[in-house]
Amino acid sequence: MEERERGTAKPTSRRAFLRAGLAAGGAAALTGEAVAAPKGAGNPANLPPNVADWSRMLGDGVAVRAYGKPSKHEAHVIRRDVEWLTASRQSSVSFTPIHELDGIITPNGICFERHHAGIAEVDPNDYRLLLHGLVERPLVFTLDDIKRMPRVNRAYFCECAANSGMEWRGAQLNGAQYTHGMVHCVMYTGVPLKALLEEAGLRPNAKWLLLEGGDAAAMTRSLPLQKALDDGLLAYRMNGEMLRPENGYPARIVLPGWEANMWVKWIRRIEVGDEPWHHREETSKYTDLLENGTARRFTYVMDAKSVITNPSPQAPLRHSSGFTVLSGLAWSGRGRITRVDVSLDGGRNWRPARIDGPVWDKALTRFYYEFDWDGRELLLQSRAIDETGYVQPTKSELRKYRGVNSVYHNNGVQTWQVHKNGEVENVEVS
Ligand code: MTE
Ligand code: CO
């Protein structure tokens, strides 16, 4: 609302919205008798003053939908993959349709997935978690043991370190789903890792944990003990339900703000040690190769980032001008988002966006920017600022320091070019 005070945006009252909508031919005008059909409307037989099909017949009873699904008209709201990227059972990734969502919580069925050996189908009766190494009492937990422990509920974003990884050398994938969709945000229920470790009793020289997954890849990462004690979770529910098989059923590691690769799924073993293990996923992978040939290692934290989800290439503008709601997501692995700025002209001028909904620590944060579109070409950008004062860098700022050899940790500012016809394209501005 600072916007309005600065006189940079049109008032956003409902009356103003309707006027703008009418001007653009986007809303139906109620003229007493007749209703003007909005552009692109479907079957006239279903429109007022007629009684629509669905109002004339009995609908399904309850048993038909024992587990509910979205409307068949929303069948396009799905995870998608990129065939030439990694879509085999040995290595696969699907992307969250972030351009089709609002608010901050990702529905369970469309959370992006990343598997190094496909989805392990774990029988919960046979599930065991071994906790051993530098502990007083090595322990084996069943799922029931874990569920009997005191639990907490926390919503966090989970972002693959490779999110936006294909964009290092230039704009490539045409859609927010593909450039930024390796992120989801759900409410986890689980047991603090601290409680599990206390149960086993840490030896004085304990400093690192080894996390090992129960899939055929046996995904393995070293984790500084302190992070586990601070806020690490052994999660078994997402958004109230048990974890989905693709997200680690029946139990996974949750490490708020840290790269998702370390959030080991189908977790089967935690070893306590005094130094890191230097496994594949922390040496040849998930390290950041710099211009001088050295690589950054153990770059755990996901720095502040944002993206405009609407409009975006898969969600073009459908009106020719007038009142427009721009929306997007911001997040930071270092804490809360304190501000998001939006630019309509490729970063020359910035205006604060309106944040709406809960602003939670290390969770997705929703922002909006309402403006009157004059129908001309736009270069849309957003930049996130977090509670540490960190400002999301432009891509060229990032490349100055990181070069272009990296795959991981690309949090540069995204640019969408909106053409006069409303179509949107992934571009870069220098
Ligand atoms: N854990 C196991 N056991 N196997 C895996 O392949 N992939 C990791 C991580 N944990 C992986 C894993 C990577 S790279 C990511 S990005 C996240 O899981 C993805 O979590 P999601 O599938 O719930 O989105
Ligand atoms: Co990943």
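User: Where is His-115 found?

Analyst: Good place to begin! In this predicted model, His-115 is found in strand β2.

User: Why is His-115 called buried?

Analyst: Set its value against the cut-off. Buried means under 20% relative accessible area, and His-115 has 4% relative accessibility, so His-115 counts as buried.

User: What makes the link between the side chains of His-115 and Glu-113 a polar contact?

Analyst: Here the value to check is a distance. A polar contact needs a pair of N or O atoms within 3.5 Å. The side chains of His-115 and Glu-113 are joined at 3.0 Å, which is within that limit.

User: Why is Gln-417 called buried?

Analyst: Gln-417 has a relative accessible area of 15%, and buried means under 20%, so the word fits. The place of Gln-417 is in strand β22, which covers residues 415–418. The side chain of Gln-417 also has a polar contact of 3.0 Å with the side chain of Glu-377.

User: And why is Ala-87 called partly exposed?

Analyst: Partly exposed lies between the two cut-offs, 20% and 50%. Ala-87 has a relative accessible area of 41%, so it belongs in that middle class. You will find Ala-87 in the loop between α2 (14–23) and β1 (92–94). The C-alpha atoms of Ala-87 and Gly-118 are 10.0 Å apart, while 31 residues separate the two along the chain.

User: Let's turn to the ligand. Which residues come nearest to ligand 1?

Analyst: There are 20 residues around ligand 1, and Phe-112, His-116, Asp-215, Arg-252 and Lys-265 come nearest. Strand β2 (residues 113–115) gives the largest share of this shell, with 3 residues. By kind, the shell divides into 8 nonpolar, 6 polar and 6 charged residues.

User: How do you know that ligand 1 has polar contacts with His-184, Asp-215 and Trp-263?

Analyst: Compare each distance with the limit of 3.5 Å. An N or O atom in the side chain of Asp-215 is 2.7 Å from a nitrogen atom of ligand 1. For the side chain of His-184, the partner is an oxygen atom of ligand 1, at 2.8 Å. Trp-263 uses a backbone N or O atom, which lies 3.1 Å from a nitrogen atom of ligand 1. Each of these values is within 3.5 Å, so these pairs qualify as polar contacts.

User: How much of ligand 1 does the protein bury?

Analyst: Taken alone, ligand 1 exposes 540 Å², and the protein buries 100% of that. The space that ligand 1 takes is the largest cavity.

Conventions: Residues numbered from 1 in each chain as written. Chains lettered and ligands numbered in written order. Predicted model: local features only at pLDDT ≥ 70, side-chain atom pairs only at ≥ 80, totals over all residues. Heavy atoms only, no water. Near = heavy atom within 4 Å. Polar contact = N/O pair within 3.5 Å; in protein donor to acceptor, adjacent residues only side chain to side chain. Areas by Shrake-Rupley, 256 points an atom, 1.4 Å probe, with all protein chains shown as cover. 1 Å grid on protein atoms, 1.4 Å probe; cavity = no way out; pocket = protein on both sides within 12 Å on 5 of 7 lines; lining within 4 Å. Sits in = over half its atoms within 2 Å of the grid points. Helix = DSSP H or I, 4+ residues; strand = E, 2+ residues; numbered from the N terminus. Nonpolar A, V, L, I, M, F, W, Y, C, P; charged D, E, K, R; others polar. Buried < 20%, exposed > 50% of the residue type's maximum accessible area, 1.4 Å probe, protein only.
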